[in-house]
Amino acid sequence: MSDFRLKVFQSVAKNLSFTKASQELFVSQPAITKHIQELETCYQTRLFDRQGSKISLTEAGELLLKHSEKILDDYKQLEYEMHLLHDEYIGELKLGASTTIAQYVLPPLLANFITKFPQISLSLINGNSRGVEVALQEHRIDLGLVEGIFRLPNLKYTAFLQDELVAVVHTRSKLAVADEILPEELPNIPLVLRERGSGTLDVFERALLQYNLKLSSLNVLMYLGSTESIKLFLEHTDCMGIVSIRSVHKELVAGTLRVVEIKGMPMQREFNFVQLQGQEGGLSQVFMRFAGHHSKSL
């Protein structure tokens, strides 16, 4: 029922590209152009400035984007509620998850969800926690799952699952480090850490502050964009990594990595659902209830 032209406009506006919108919506580029021209004719104004191969939103385009996001969200909620009258769960749910959650927590949960709700179209993008929050604010996703402690005031966070960060080294590493170290020893140990904006780094920084330690005082060899990269890095470099315990279960069982306890420095954290304030409900709520029910098995 929703006006497809608004979806086309929103995609072009977000990507600032007719080509990318065409690929995202599986529609030909001439059709994309036609929909935008129809909107410009309808409102008798240009929605995009065109400068060579680049485009940007005009003032009218910015205004339409602001309202189209609200309209399309309302259409989605309407579709959900109308089908709910017949006890049907039908619609589209776009998820965004931070890297650790997307790789090590969600896959079995998503498989079970689509089995129970086959008429819900589910999609997932992943990135670090900041990227997921930005995607939510830009209406590119409906529901996020993030880690860390950083909070934005216009977003609502709901606890989902407990997690713990641990220090690990490769069992073949020549790094002379005991099974237990003191926090004060960290500056003397070469480290590989997750990148800025990741929830993992947020939690590690907070733990360091308990001992008046800062990242700048540590010997960080590399910041990497995923836990898998850190594990491979550890395999070829004599250093220590800080990762989720969930991400190294197989390696610990196989004996390729070992945990080094940092005495008196717990690194507990929560995985959280995150939503735009005032937009709780709909299929997002269905997924949250389902995930909460199955969280004990994760």
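At roughly what angle do the axes of helix 1 (residues 4-15) and helix 3 cross, and within what distance do they come? In this predicted model, the two axes cross at roughly 105 degrees and come within 9 Å. Helix 1 and helix 3 are therefore roughly perpendicular to each other, since angles of 65 to 115 degrees count as such. On the side of helix 1, the contact is made by Phe4, Arg5, Val8, Phe9 and Val12. Helix 3 contributes Ile32, His35, Ile36, Glu38 and Leu39. Sorted by character, the residues of this contact comprise 7 nonpolar, 1 polar and 2 charged.

Helix 3 also packs with helix 2 (residues 18-25). Here the angle is about 110 degrees and the axes are 9 Å apart, so helix 2 and helix 3 are likewise described as roughly perpendicular to each other. Phe18, Thr19, Ala21, Ser22 and Leu25 of helix 2 make the contact with Gln29, Ile32, Thr33 and Ile36 of helix 3. These residues divide into 5 nonpolar and 4 polar, with no charged residue. Ile32 and Ile36 are named in the contact of helix 3 with helix 1 and again in the contact of helix 3 with helix 2.

The next topic is salt bridges. The count for the model comes to 15. One of them lies within helix 3, which spans residues 29-43: the side chains of Lys34 and Glu38 meet at 2.5 Å, N to O. Why are Lys34 and Glu38 separated by about one helical turn? They are 4 residues apart in helix 3, and this spacing is why about one turn lies between them. Lys34 is partly exposed, with a relative accessible area of 48%, and Glu38 is also partly exposed, at 28% relative accessibility. Glu38 is also among the residues of helix 3 in contact with helix 1.

A second salt bridge involves helix 3 and a strand. The side chains of Arg50 and Glu40 meet at 3.8 Å, N to O. Arg50 lies in strand 1 (residues 48-51) and Glu40 in helix 3, so the pair ties together parts that are 10 residues apart in sequence. Are the two partners buried or exposed, in whole or in part? Glu40 counts as buried, because its relative accessibility is 14% and the cut-off for buried is under 20%. Arg50, at 44% relative accessibility, counts as partly exposed.

Near the start of the numbering, Arg5 forms a salt bridge with Asp3, and their closest N and O atoms are 3.3 Å apart. Arg5 has a relative accessible area of 24% and is partly exposed. Asp3 is partly exposed as well, with a relative accessible area of 25%. Arg5 is also one of the residues of helix 1 that make the contact with helix 3.

Elsewhere in the sequence, salt bridges link several residues in a network. Its members are Glu147, Asp163, Arg246 and Arg269.

The last site is in helix 11 (residues 282-294), where Ser284 lies. Which residues are in contact with Ser284, leaving aside its neighbours within four places in sequence? They are Leu93, Asp142, Leu143 and Gln275. Ser284 counts as buried, because its relative accessibility is 6%, and under 20% is the limit for that class.

Note on methods. Residues are numbered from 1 along each chain as its sequence is written. This is a predicted model: local features need pLDDT of at least 70, side-chain atom pairs count only at pLDDT 80 or more; totals for chains, interfaces and linings use all residues. Side-chain values use heavy atoms; hydrogens and water are left out. A salt bridge is a side-chain nitrogen of Lys or Arg within 4 Å of a carboxyl oxygen of Asp or Glu. Buried means under 20% relative accessible area, exposed over 50%, partly exposed in between (1.4 Å probe, protein chains only). Helices (H or I, at least four residues) and strands (E, at least two) are DSSP runs, numbered from the N terminus. Axes are lines fitted to C-alpha atoms, for helices over the stretch in contact, and angles run from 0 to 180 degrees between N-to-C directions. Angles under 35 degrees count as roughly parallel, over 145 as roughly antiparallel, 65 to 115 as roughly perpendicular and the rest as oblique. Contact means heavy atoms within 4.5 Å. Ala, Val, Leu, Ile, Met, Phe, Trp, Tyr, Cys and Pro count as nonpolar, Asp, Glu, Lys and Arg as charged, and the others, Gly among them, as polar.
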